[in-house]
Structures are given as C-alpha cells and as structure tokens.
Amino acid sequence: MVPFRKVRMDLMSSKEVAQYLKKNDVVILPLGCFEMHGPRVPLNCDSFNDWAGSLLLGERWRCLVIPPVTYTFPGASGPWPGTVDISPGITVAYMKEIVKALLKNGFRQVILCGSHGPLGFLLEEVVRDLQELVDRPIL
C-alpha cells in the first residue's frame, strides 16, 4: 500500500479527482523552496517538510494534496551553491496561476501551506489578489 494514497492527487486519475469533487472541494498546495541550509541539510528540506505536513493535514481533513511547488523565492540564500533563486514576482505570479487553475477545475478552497520565512509576505499578496477574483476563501 502506498502511504497517503487516498489524499495524494499526483497518484490519482482525472476520474478519481472528479469523484472526489462530487463530495469535497478542498485541496492543499504545499509550497517550499530549494536553497542552502548549511553544509549537511538537504537543499529541498523546506519542500519535504511542507509536503509531509500537507499530507498529514490532508489525511486528517480528508482532502486532496497536490504535489509541492519546490521552486520559490529563497530569500537571503540566493548566492549559495545549489540554491534556485526565483524572484518574488515570479513566485507570486506562478502561485496565482496554480491556484487559478485549481479553482477553474472545480476546487472551491485552496489551502496554501508553506513554512519558509519569505513565503509569508508573498502568500499575502497571492491571497489578496485572488480574493478579489472569487467569492470564497483562499487560505
């Protein structure tokens, strides 16, 4: 048995997602970054942590979890080897497009889950801008 099979949208077919949308309309979008965390910590640890947390929440809340966005604005770690340094503007634009696509395809609530420090102010912009487009909460 695959762990978290019932909530992992990446392991589902379109037919399975359509069935899910008949009874629930919530999806969690984990957001991480790919950056230096010192000499021994993996570059992708933020994405791993946020995806793991999202899977646990998805299981508890009985909702789907989309695979994580790994490449977002890393903040001050940009010049370190291995870091993928995406600008804040591109990060916000990309997150908005993903949320809009999910809303367009039947989800009514998209929960953005990210623990990386710089994501806080970026997520506020995404939520504020998209809230004007829809009549429902985007968390």
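The legends below accompany an overview and several close-up views of a predicted model of one protein chain.

**Figure 1. Overall architecture of the protein chain.** The predicted model contains four helices and three strands, which follow one another from the N terminus in the order α-β-α-β-α-β-α. The radius of gyration is 15 Å, close to the 14 Å given by the globule rule for 139 residues, so the chain is as compact as a globular protein of that length. Along the principal axes, the C-alpha atoms fill a box of roughly 45 × 40 × 20 Å. Of the contacts between residues at least 6 apart in sequence, 70% join residues at least 24 apart.

**Figure 2. Surface and charge of the protein chain.** Buried residues make up 43% of the 139 residues. The accessible surface amounts to about 7,900 Å², and carbon and sulfur atoms account for 59% of that area. There are 15 positive and 14 negative side chains. The centres of these two sets lie 11 Å apart.

**Figure 3. Helix α2 and the strands against which its buried residues pack.** Helix α2 comprises 17 residues, spanning residues 45–61. From its first C-alpha to its last it reaches 24 Å, close to the 24 Å expected at 1.5 Å a residue. Its buried residues are Cys-45, Asp-46, Ser-47, Asp-50, Ser-54, Leu-55 and Gly-58. An α-helix has 3.6 residues a turn, so residues three or four places apart point the same way. The buried residues of α2 pack against β1 (26–30), β2 (64–65) and β3 (109–113).

**Figure 4. Two residues with positive phi, Arg-62 and Phe-4.** Most residues other than glycine have a negative phi. Arg-62, which comes just after α2, takes a positive phi of about 55 degrees. Arg-62 belongs to the loop between α2 and β2 and is exposed, with a relative accessible area of 69%. Phe-4 is likewise not a glycine and has a positive phi of about 65 degrees. Phe-4 is located in the segment before α1 (14–21), and its relative accessibility of 26% places it among the partly exposed residues.

**Figure 5. Surroundings of Thr-70 in the loop between β2 and α3.** Thr-70 has a relative accessible area of 17% and is buried. Beyond its neighbours within four places in sequence, Thr-70 is in contact with Gly-32, Cys-33 and Phe-34, as well as with Asn-44 and Ser-47. One of these partners, Ser-47, is itself a buried residue of helix α2.

**Figure 6. Phe-73 and its contacts.** Phe-73 also lies in the loop between β2 and α3, where it is buried with a relative accessible area of 17%. Once neighbours within four places in sequence are set aside, the contacts of Phe-73 include Asp-85, Ile-86, Ser-87, Pro-88 and Thr-91. Phe-73 is further in contact with His-116, Pro-118, Phe-121 and Leu-122. Of these residues, Phe-121 and Leu-122 fall within helix α4 (residues 119–131). Although Phe-73 and Cys-63 are 10 residues apart in sequence, their C-alpha atoms are 27 Å apart in space.

**Figure 7. Ile-86 in the loop between β2 and α3 (88–104).** Ile-86 is partly exposed, with a relative accessible area of 22%. Not counting residues up to four places away in sequence, Ile-86 touches Tyr-71, Thr-72, Phe-73, Pro-74 and Thr-91. The contact with Phe-73 is the one that also appears in the view of that residue. Gly-75 lies 11 residues from Ile-86 along the chain, and the C-alpha atoms of the two are separated by 9.0 Å.

**Figure 8. Leu-119 in helix α4.** Helix α4 covers residues 119–131 and includes Leu-119. Leu-119 is buried, with a relative accessible area of 0%. Apart from neighbours within four places in sequence, the residues in contact with Leu-119 are Leu-31, Thr-72, Met-95 and Gly-114. Thr-72 is also among the residues touched by Ile-86. The C-alpha atoms of Leu-119 and His-37, which are 82 residues apart along the chain, are separated by 16 Å.

Technical notes
Residues numbered from 1 in each chain as written. Predicted model: local features only at pLDDT ≥ 70, side-chain atom pairs only at ≥ 80, totals over all residues. Heavy atoms only, no water. Helix = DSSP H or I, 4+ residues; strand = E, 2+ residues; numbered from the N terminus. Rg over C-alpha atoms; globule rule 2.2 N^0.38 Å. Buried < 20%, exposed > 50% of the residue type's maximum accessible area, 1.4 Å probe, protein only. Contact = heavy atoms within 4.5 Å. Areas by Shrake-Rupley, 256 points an atom, 1.4 Å probe, with all protein chains shown as cover. Lys, Arg positive; Asp, Glu negative; His and termini not counted. Charge placed at Lys NZ, Arg CZ, Asp CG, Glu CD. Expected span 1.5 Å × (residues − 1).
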